[in-house]
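Open the model in your viewer and keep the sequence panel beside it. The stops below are given in the order in which to select them.

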Amino acid sequence: MLLLGYLAALVAVVVLAPFRFAWPTASRFVVVAGEAWWLDAILNVVLFVPLGFVGARAVDRRGVRWVVVVGLLVFSATLETLQLLLPGRYSTWSDIVANTTGALVGVALARLVARRVGDDRVLVPNLLLDLPLTGLLWLLVPALWLDGLGAAGNPARLRLLLPVAVAGGLAAAAVATSAAGERRRGAEGAVGLVILWYGIGVVPAVFVDPTVAALGFAVAMAAAFAGVPAWREALRRERRLEPHVLRFLLPLLVAYLIGLAAYPGALEVLGPEGGRVAVLRWIERVAAFTVLGYAVAEWGGRREAPIGETVLPGVLVAALLASGLQGFGDPPAGWSSVPLFACAAAVGGVLYHLQRAHVIALRRGE
């Protein structure tokens, strides 16, 4: 539920940024808006696929399809209605249809997984959907979204998705290798995970620069193919794979955050027309620090440490890193963002803590 709320909050920011609300002088509720409405429709489908999937995993299976779809339909209608208060924006029926379609696709994927694998007691050891390495993939999806959206007006910035692509490819290889166990089909699973993960996250980037988006896919696939034999060898030496994976992922996340600091963005409630892009760039940094907090918490392993001991290291690392990055492009006012980035890392740490507790409870038969 926390992951669902986190993803929903990011989707709301993407839709409503830069939050310059004003009472409408005329009705702007239309069927479609602009000649390129189909581009918005594709993006709206993609944004709601993860919400549908995670929502289906978060609620009771009885009537899950309608509970999730109706809930996300209300959420979508609320966002579209709020867009009436944004000058120059339109609320469209096509967006609501696209959002609902994305939710249905996500729910259908969740039901397909449940039918093929079974209940949670089988799901965790066989598909690892609830295990921490898969959680990293979930949290990296918004990073891809926001990198593409934040590159509007500056395509060179899109190169920041390359370290995210490498991290996602390595994480997908680790998940697939763990799921394969003694079988030697890890590469097939890694390819499927990369296609699904990158395909959902890269859509906004494709509209900015298809060449860089394609390069990111190639980089993610190369990382996945290189990761499978490396992680298989690591599993032969040690039962826990996370420390090996995180030795590579944490430097990639730090490099990504350094790159983001050169394009800091801002939470501009009032400002020029570029305020929307500034907000999205700032939120991308929030999402990146959330991933960092999750990864640092995961570094500690699965020992049953209390939540404070799980979350605090990531918060401290995020605060130190955010403070140290002030010289990489942040304005002086950026110092006020340090506590907020630390809070984002805390959210990531809490997500890991709850996910670990869920897995431990399932393995004990609780």
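Select helices H12 and H13 to begin: H12 passes H13 in a right-handed crossing. This is a predicted model. H13 covers residues 307-324, and its axis comes within 8 Å of the axis of H12, with a crossing angle of roughly 135 degrees. That angle makes H12 oblique to H13.

Next, show side chains where the two helices touch. On H12, pick Phe289, Leu292, Gly293, Val296 and Ala297. On H13, pick Thr310, Pro313, Gly314, Val317, Ala318, Leu321 and Ala322. Colour this H12-H13 contact by residue class and you get nine nonpolar residues, three polar and no charged.

Keep H12 (residues 275-299) and add H14 (residues 338-363). The axes of H12 and H14 are 7 Å apart, and the helices pack at an angle of about 45 degrees. H12 and H14 are therefore oblique to each other. H12 passes H14 in a right-handed crossing. From H12, the contact takes in Trp282, Arg285, Val286, Phe289, Thr290, Gly293, Tyr294, Ala297 and Glu298. From H14, the residues to select include Leu340, Phe341, Ala344, Ala345, Gly348, Gly349, Tyr352 and Gln355. By class, the H12-H14 contact has 12 nonpolar, five polar and two charged residues.

Finally, zoom out to the whole chain. There are 14 helices and two strands to find. Of the 366 residues, 52% are buried. Switch on a surface: the chain exposes about 16100 Å², with 68% of that supplied by carbon and sulfur atoms. Among contacts between residues at least 6 apart in sequence, 79% join residues at least 24 apart.

Terms used: Residues are numbered from 1 along each chain as its sequence is written. This is a predicted model: local features need pLDDT of at least 70, side-chain atom pairs count only at pLDDT 80 or more; totals for chains, interfaces and linings use all residues. Side-chain values use heavy atoms; hydrogens and water are left out. Helices (H or I, at least four residues) and strands (E, at least two) are DSSP runs, numbered from the N terminus. Buried means under 20% relative accessible area, exposed over 50%, partly exposed in between (1.4 Å probe, protein chains only). Contact means heavy atoms within 4.5 Å. Accessible areas come from the Shrake-Rupley method with a 1.4 Å probe; for residues, only the protein chains shown count as cover. Axes are lines fitted to C-alpha atoms, for helices over the stretch in contact, and angles run from 0 to 180 degrees between N-to-C directions. Angles under 35 degrees count as roughly parallel, over 145 as roughly antiparallel, 65 to 115 as roughly perpendicular and the rest as oblique. A crossing is left-handed if the near helix is turned anticlockwise from the far one by less than a right angle, and right-handed if clockwise. Ala, Val, Leu, Ile, Met, Phe, Trp, Tyr, Cys and Pro count as nonpolar, Asp, Glu, Lys and Arg as charged, and the others, Gly among them, as polar.
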